[in-house]
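Hi there,

Here is the structure I promised to pass on. Have a look at it first, and my notes follow underneath.

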Amino acid sequence: MTQLSDGAVDFDGLRAAIAENDEQPEGPARNARAEELLAQAEQLGIPLAVVEALGHQLQSYNYSSEKDKMFVPFARLLRMWDERPDDFDTYEAHSLHWVFKWMSSGMLEQPHIPLASIEKWLGEMEHRYRLAGYSERAVRCCEHAVAHHIGDLARAERAYQAWLAAERDDMADCHACELHEQGAWKARLGDDAAALELWQPVLAGTYTCAHEPHAVLASSLLPLLRENRRDEARAHHLRGLRLVRGMESMRDAYADHVEFCALTGNEARALELLAERPAYFVSDGDPASRMEFLAVVARLMDRLVELGLGAQPVPGPPGREWRADALGAHARDGALELAALFDARNGTAHIGERVRARMAREPLAERLALGVRAGRPVTPPRPAPPAHRSEAPTDDLPALLDAARTATEELRPESVSAWAAVARAATEQDAVLDAVDLARLAEHRGLDGRTPREEAVRHFEEAAERYEEAGDGGEAEASRARAAHALAHFGSPVRALADVDTCREKVLTLYGAGDTGPRQAGAVLAARLRILLAAVQERMGEAAPETDPAANAQADPGGAADTTEPPLAAAESAARELLAHAASHTEDLQLAARSAEARGALGELAEHRGEFGEAADGYARAAEEYVAASLPWFAVEYEVRLTDVRYRLCDREGALAAGYAALEHGAGRLPPPALARVHLRLADLLGARGELADAVTHALDAAHWADEAGESGTFGAWARHKLGGFLLHQGRAAEAAEVLEGALAEISTEIHGEGTVVQTRWWLGESLSALGEHRLAAEHWLRAAETAATWPDQSDHAALAHLAAEALSRSELPEQADRAYGRAGELWQELGNPHGLVRSLRARAWLAQELGEPARARELMTTALHTTESALAAAPEEGEDRDRLALEHADTLRQLGELLPRITQGDPARDTDGHARTAYEEALALLDRAVAGFAPLGAAARDRRSAAEIEAGWLAHHLGRPEEAAARAERVRAEYADEDSAVAARHRGQAAELSTAVRQLSQEAVPSEGR
């Protein structure tokens, strides 16, 4: 900033300071600086300086939480205009009329300003616009806003139609802002589809501005949900939230994102958003947006109360601790108090009705997976509905007994709940059940997954006693075998195995004597197999398979026997014994299930041995037999395992088929951990096939179910890592960045490995770079490079250092970029990678030119050229590697040819010592060599060859060779004459520009007639 001798700032310095402050984040700090700059402007004695400083101050207030302050600088500007309009230049005169619109909307947002004053101001605006020759379009837009605000829908529609009919001119809002307001009107009328159609050009990026698509993304959230376009709603939330986070003035839009989370089962994320913006609770410079924010807070808190979480601590206004119920009451009172002020000002009940309706909105989705991390869950799990419900009346005991017996006979997952209903009804009616039914009641209490294992043992032992009482020794032994299985779970594996061996001996004796059936023998053999399998799993360091006893009435999770070696042989023998027993009785549904279970066990044992092909066969046979027996819910566990095994065998299609089958057969029954596992595997498989849209869907589901399972930091983080990568490769950088930032907070080297941490930062850097956040991208790439620096293979280290250097360069940090490129170059050289080395050298050359170091710039680019020449000399005569090196060589020639004129002082046309002409001639020769080098490389080098030709044409032009310059331009024009593409149009435009310059110079050189 230029300062005068007394320390004051001159006009140019003031303008520079205003421009600098304009780039600062919205908020009180920027406003305070604007006030300081106005004070400095007033000291200059230049009216235009005061006008510009007032305009800057007004704009700063408007885009902040202190909007109520903007009326004072505007009133002063208007008075200055009325008194001395000549003090305003063209730009400031236009700006003054532009901010009339801000005054109209700003007055609406301040309930202390009378409606009559707003209407009077609207008339004043119309009068002044007419005097200045402007269209009434902006006036009708403001009238529509007034009518919409007070609830006069008929007037609002008339103003809306007049707004659309009026001519667009310099005072009309930008296309993006207009479309936002037009869509908001359609949404207000209940036409969400029309609103979304109007917003589409803004959402697609056709029309943008400083605050769009930020606001449209927020406004579109609920309309998209109501239109059942949930994937788009999710994407708009992730994309839009990043845009509004750093903009203090966008409290309305921020509230829309909080509301979206509150109404889609993402209450935890909504609370995190509140915690990020504590000032939004109390900032009162914009009462309208504060009212909307408080209404959303009230709805979120009511949602928590509905879920039984009213006592939960929540973020709220600073100065005290808040519970959800208390904050809800506080926010509701605040929102309604502000609404009452507006309604009193407007003379209607419209605002209060609208705020109450907003606070009463019903959820639009039970749980919409967002793919992002929430700090901690606040909602109780929402279990999937049972796949089958009993039709029996809850008080009809005979009907309940029939339903429970049928469920048991058919091995249905709801057998546990069916017998629980019987128990409740029998207790309420003081009914007496027979011994068999009492045995089944006890047995199913033991099978209930919520029953502690110690209690389960007692229930199974009670069942055995009841069966003995009923004279069924075989069922008694089956219940004792189940008790042994439960016993193995809490520290008695040796006793469990001994007990089940005793049961086996007894039941086989009974079976041989014809005193029990094959079912009972099969049940004991199955229990013994499970105990032995659990021992194998523990000895192999593997957790037991994920099972849900409530959903699998025949499967009890196993324990581990205290053996010194993995009892693979014993388990395999037990599996084959069960298979042989059940295979001869598969007409019996329960024994068909035992046969399938045995085949699955053989598959598991094969997997433990590393025989994955045999394991896949075993799992596939098990699943097929369960499905053939109309027991698909039992097939799911083996289909999940089959997905993993086939993936290891590189059978991607088979793995996909197994995964989809698991989801189909497990619908409503798979527990969250298994769902997370299947969806994650499907995401991997589909991503590898390039089917990114489906991969994104499954990664989202994987993250959701991992969170439900309490595995947010393990499976959930991994799923978010994958999801972020898929989104990035789909070109959805904003969504990817939001997801990856959440993943990065959970991923750890201990659980997920260094490679995953580095890859997450790598993808996050790419996402941020695509969003223009280059400095933050550089930070992530540098941190990833630090980790990769310790790896034996330094390729990733070099690539990350190079990416960081590029980001630092784009961040306008040339010194840091040069150091990073230097480190990357050293690594490329150590790796024997001439491509990376040459690119780093060329980048450093351009940085040296930017830093005013011409000699160093030339030295670096020349070193790059020599490097390509050496690499070419050592390369094979033919092949892809040589072509890539030839491309690098030609490109280096081109860049050296472009660099030399830029680091050369003087113009060859006015050269006195020949220095400039010599440099230009050398550059032209280099560019000719580049063109010749690109030529044999075909289409891959076509665009670069044309760029070199145009650059050479300009050098010929500056050297006074118009014919040569024109010929080069014509060659490029002809090359792309018949091609319809953006690239072709760009090259034709460059050729036309060169041709025009040549003609103009030729015309200037020809003497006019008569001189």
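**Helix H6 and its surroundings**

In this predicted model, helix H6 (residues 100-108) is mostly covered, with eight of its nine residues buried. Those buried residues are Phe 100, Lys 101, Trp 102, Met 103, Ser 104, Gly 106, Met 107 and Leu 108. If you want to see what covers them, bring up helix H3 (47-62), helix H4 (71-83) and helix H5 (90-98), which are among the covering elements. Helix H7 (115-132), helix H8 (137-150) and helix H18 (324-346) are also included in that cover.

**Two cysteines without a bond**

I also checked for disulfides, and the structure holds zero. Cys 141 and Cys 142 may catch your eye here. The closest cysteine sulfur to that of Cys 141 is in Cys 142, but the two are 5.5 Å apart, which is too far for a bond because a disulfide needs the sulfur atoms within 2.5 Å. Cys 142 is likewise in no disulfide, its nearest cysteine sulfur being that of Cys 141. Cys 141 counts as buried because its relative accessibility is 12%, and Cys 142 counts as buried at 8%.

**A buried arginine**

Finally, take a look at Arg 277, in the loop between helix H16 (267-276) and helix H17 (287-306). Arg 277 is buried, yet has no salt bridge. The nearest side chain of opposite charge belongs to Glu 248, 5.5 Å away. Leaving aside residues up to four places away in sequence, Arg 277 touches Val 244, Arg 245, Gly 246, Met 247, Glu 248 and Tyr 254.

Best wishes

Note on methods
Residues are numbered from 1 along each chain as its sequence is written. This is a predicted model: local features need pLDDT of at least 70, side-chain atom pairs count only at pLDDT 80 or more; totals for chains, interfaces and linings use all residues. Side-chain values use heavy atoms; hydrogens and water are left out. Buried means under 20% relative accessible area, exposed over 50%, partly exposed in between (1.4 Å probe, protein chains only). Helices (H or I, at least four residues) and strands (E, at least two) are DSSP runs, numbered from the N terminus. Contact means heavy atoms within 4.5 Å. Lys and Arg count as positive and Asp and Glu as negative; His and the chain ends are not counted. A salt bridge is a side-chain nitrogen of Lys or Arg within 4 Å of a carboxyl oxygen of Asp or Glu.
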